Amino acid sequence: MTQGVYIKLFFDIVRDQTSSELGDELGDVLTRQILNVVESDIEYDTEDIQTFNTTLVGKPTIVLDAGHGGKDPGAVNGEYYEKNITKKYVRFLQHELQKKGCYNVCLTRPVGRKQDRFVSLHARQKLAKKCRGDLFISIHADSSPKHSTSGLSIYTLAKRAHNKTLNSLLSQSTKSSKRSNQLINNVDFYGKSDVISSAVISISQQQSSDASIQYANLILQNAKKYNRQKGLSKKDKINLLRHGSHSAAFAVLKRPDFPSVLIEIGFLSNPKEAKVLATSSSYRRKIVRLIATSVDEFFNYTTCGVKRPL
């Protein structure tokens, strides 16, 4: 028997278990997703495979995370503090998204001019989950020992962090006595077997990872497209780090429920860029519109709620 046949036999058994534990319809959906992810040498129906978070009630929710805050200043260069710069960028990004009328916006820490609160990484994750976000965007400013380094870059969750996150979430979902802790992508794992919980979390995490990379690529592609405009001077372009796409095990990227990216808008360790990030309203507007436009493309919107033609 080929490896593919063994896999199919295994998931025929899983189908029976998922149907009994999660119901026939959800069990079939889950089994089709599992087969689609792990199987490459068996042909199946070509019908669209559902996901657990595609049927949105109302508007998509964008979770905005302003890095650092309160007792945690982040990177510092003289009078410029990362916590203040990220707060300002997120405040303007919140306004940009809300004025479109297409999105709900949820914040992980207050971004008012006089507000400066420390929020732990764990609390940010919990709040993002409570908001039931459809996209998580964390804004930071980088720092480097090499003061000439500059430019925007984007991080998504590193592959090496996936297994650790999966094991941690599986442990939480099966051992916790609180039903509220069992919900991942609106699937209740309370009392479910490790096989079922592991399969659903793994699939959800893979889907979120793929979507995170998709959104990160949209931002970089749109930035490069903007920079290719004729007659644009160097100082008017969006400054991009040479290798702008990265992966890391940042805590705020580890939820499997939704796509997550961490955007380093530039380097505070570079004196010129630090001043631009802190004081230039035109550059801030440019970055904010770049991020917001990429959100529209990510959700495939031309105007609010109207999909782009495929």
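K272 sits in helix α7, which spans residues 271-279. Helices here are DSSP runs of H or I with at least four residues, strands are runs of E with at least two, and both are numbered from the N terminus. Is K272 buried or exposed? With a relative accessibility of 71%, K272 counts as exposed, because exposed means over 50% relative accessible area, buried means under 20%, and partly exposed lies in between (1.4 Å probe, protein chains only). K272 also has a partner far along the chain: S148 is 124 residues away in sequence, yet the C-alpha atoms of the two are 9.1 Å apart in space.

A word on what you are looking at: this is a predicted model, in which local features need pLDDT of at least 70 and side-chain atom pairs count only at pLDDT 80 or more, while totals for chains, interfaces and linings use all residues. Residues are numbered from 1 along each chain as its sequence is written, and side-chain values use heavy atoms, with hydrogens and water left out.

Now for the whole chain. There are 8 helices and 12 strands, and 48% of the 310 residues are buried. Of the contacts (heavy atoms within 4.5 Å) between residues at least 6 apart in sequence, 75% join residues at least 24 apart.

Next, meet a pair of helices. Helix α3 (residues 82-100) packs against helix α8 (residues 281-298) at an angle of about 45°, and their axes are 9 Å apart. Axes are lines fitted to C-alpha atoms, for helices over the stretch in contact, and angles run from 0 to 180 degrees between N-to-C directions. This makes α3 oblique to α8; angles under 35 degrees count as roughly parallel, over 145 as roughly antiparallel, 65 to 115 as roughly perpendicular, and the rest as oblique. Which residues make the contact? Among them are Y89, F92 and L93 of α3, together with I287, V288 and I291 of α8. By class, this contact has 10 nonpolar, no polar and 6 charged residues. Nonpolar covers Ala, Val, Leu, Ile, Met, Phe, Trp, Tyr, Cys and Pro, charged covers Asp, Glu, Lys and Arg, and the others, Gly among them, are polar.

Finally, two loop residues have a positive phi although neither is a glycine.

| Residue | Phi | Loop between | Relative accessibility |
|---|---|---|---|
| H68 | about 65° | β1 (61-66) and β2 (76-77) | 19%, buried |
| R132 | about 55° | α4 (121-131) and β5 (135-142) | 54%, exposed |
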